[in-house]
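Could you look this one over before we talk? My comments are below the structure, in numbered points.

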Amino acid sequence: MLHSKITGVGMYVPETVVTNADMSKFMDTSDEWIIERTGIKERRFFKEGTDTVSKMGARAAAQALERAGKTAEEVDFILFATLSPDYYFPGSGVLMQRELPFRNIGALDIRGQCSGFIYALSVADQFIKTGMYKTILVVGSEIQSNIFEMSDRGRNMAVIFGDGAGAVVLEATTEENKGILTTKLHSDGSQAEELFLEHPSSNLKKRLNHEMIDNGAMLPHMNGKLVFINALKYFPEVIREGLAEVNLKEEDIDLLVPHQANARITVALQKEMNIPDEKVVSNIHKYGNTTAGSIPIALCEAWEEGRVKENDLIVLAAFGSGFMWGSAIIRW
Ligand code: ACO
């Protein structure tokens with residue numbers, strides 16, 4: 001039986017560190033408010049002309065490939081998760097494809113927002129299980145610092161999100177009980193407008209106008225309290241669903257790598273599932289919420305710190321805009 005196994009992890013974050021004190025220069029906020037509500041101390045902002053979503057993805061991918069002992073020529077397919085693509089079209093996957101010496105392989109963008117990396121990983125896993133591809137790059141990359149307005153009007157979301165990219169190399173293996181044991185994916189489109197960016201919209205004759213800019217209609221909207229409530233419902237549910245399918249329990253988890261949405265969400269999830277700090281990866285204080293980038297970045301840092309060991313049970317889980325949520329249960 002073919003399975004897929006993560007054989008390399010990589011990440012890239014832009015150089016520019018923006019602290020909470022820096023944010024308070026642009027808007028009425030404070031270090032105390034941000035830390036208390038989100039756990040975030042600083043985030044990275046991209047440098048125009050140096051960083052693009054696809055280039056950041058390529059840097060993370062190059063590191064993951066090197067660690068997997070693979071060359072770009074050996075990759076069979078690219079899955080690129082982002083909510084902040086370089087262009088409306090074509091997707092960032094093909095833009096990344098030209099950054100490294102890949103062959104003319106397929107490249108598919110995934111629009112799963114905060115759950116984008118799990119969705120991409122799951123799609124990659126199916127391609128490998130069917131034998132269609134042997135080596136797949138799964139990337140999550142975001143530039144979000146220019147989506148939000150650095151003003152009082154934009155402060156409720158601007159302080160939470162940051163820029164960054166992560167990647168993994170997924171390879172086929174026939175080893176029993178190794179690699180991705182299962183993935184679970186869900187969505188509830190009835191809640192789409194609770195966390196969304198409406199404009200520019202293809203629903204309108206005129207996608208973009210001055211009024212949209214003036215009245216803030218081009219800014220994302222988040223119903224923070226509802227997101228919180230739903231995250232706390234679906235994070236544990238989808239983790240338990242995945243574990244149950246492979247006959248494992250919460251206490252079997254060696255390391256939980258949740259989407260870095262908000263430190264308060266992670267703490268509440270830990271409490272609900274009775275998972276101690278040492279079994280949870282949390283790096284949101286350094287990078288904020290990097291959406292599709294957050295899980296591969298957190299996984300990469302945990303791996304670099306020696307927290308991901310052979311045979312460990314690693315659980316990835318995400319919840320976010322859509323609403324979309326998912327989990328991946330991995331025997332490392
Ligand atoms: N700095 C200072 N004050 C602020 C800021 C800010 N950056 N943003 C909002 N405020 C103010 C509001 O204007 C409001 O003021 P008012 O009482 O005078 O009207 C006050 O703070 C409280 O605002 P709330 O929106 O009620 O703040 P809340 O305590 O709910 O915290 C937060 C907001 C952190 C977003 C919270 O709802 C939350 O944790 N939600 C979870 C959603 C989340 O984390 N989303 C990010 C990730 S999305 C994802 O990845 C799934």
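The points that follow cover the ligand site first and then some backbone oddities.

1. A word on the ground rules: this is a predicted model, where local features need pLDDT of at least 70, side-chain atom pairs count only at pLDDT 80 or more, and totals for chains, interfaces and linings use all residues. Residues are numbered from 1 along each chain as its sequence is written, and side-chain values use heavy atoms, with hydrogens and water left out.

2. Start with the ligand's surroundings. There are 24 residues around the ligand, and Thr 29, Arg 37, Lys 225, His 259 and Asn 262 come nearest (a residue is near if one of its heavy atoms lies within 4 Å of the molecule). By class, this shell has 12 nonpolar, seven polar and five charged residues; here Ala, Val, Leu, Ile, Met, Phe, Trp, Tyr, Cys and Pro count as nonpolar, Asp, Glu, Lys and Arg as charged, and the others, Gly among them, as polar.

3. Which elements build the shell? Helix 2 (31-38), helix 6 (155-158), helix 8 (224-245), helix 9 (263-273) and strand 12 (313-320) each give at least two residues, and helix 8 has the largest share, with four. Helices (H or I, at least four residues) and strands (E, at least two) are DSSP runs, numbered from the N terminus. Domain 1 (3-176) and domain 2 (180-331) each put at least three residues into the shell, with bounds from an automatic or database domain assignment.

4. Now the side chains facing ligand oxygens. An N or O atom in the side chain of Asn 262 is 2.8 Å from a ligand oxygen, and for Arg 155 the distance is 2.9 Å. Arg 264 has a polar side-chain atom 3.3 Å from an oxygen of the ligand. The protein buries 73% of the 1,000 Å² that the ligand exposes when taken alone (Shrake-Rupley areas, 1.4 Å probe).

5. Two cis peptide bonds deserve a look. One runs from His 199 to Pro 200, with omega near 0°, and Pro 200 is in the loop between strand 9 (195-196) and helix 7 (210-214). The peptide bond from Gly 322 to Phe 323 is also cis, with omega near -15°; Phe 323 falls in the loop between strand 12 and strand 13 (324-331).

6. Last, check Asn 247. Although not a glycine, Asn 247 has a positive phi of about 55°. Its place is the loop between helix 8 and strand 11 (255-258).

Notes: Polar contact = N/O pair within 3.5 Å; in protein donor to acceptor, adjacent residues only side chain to side chain.
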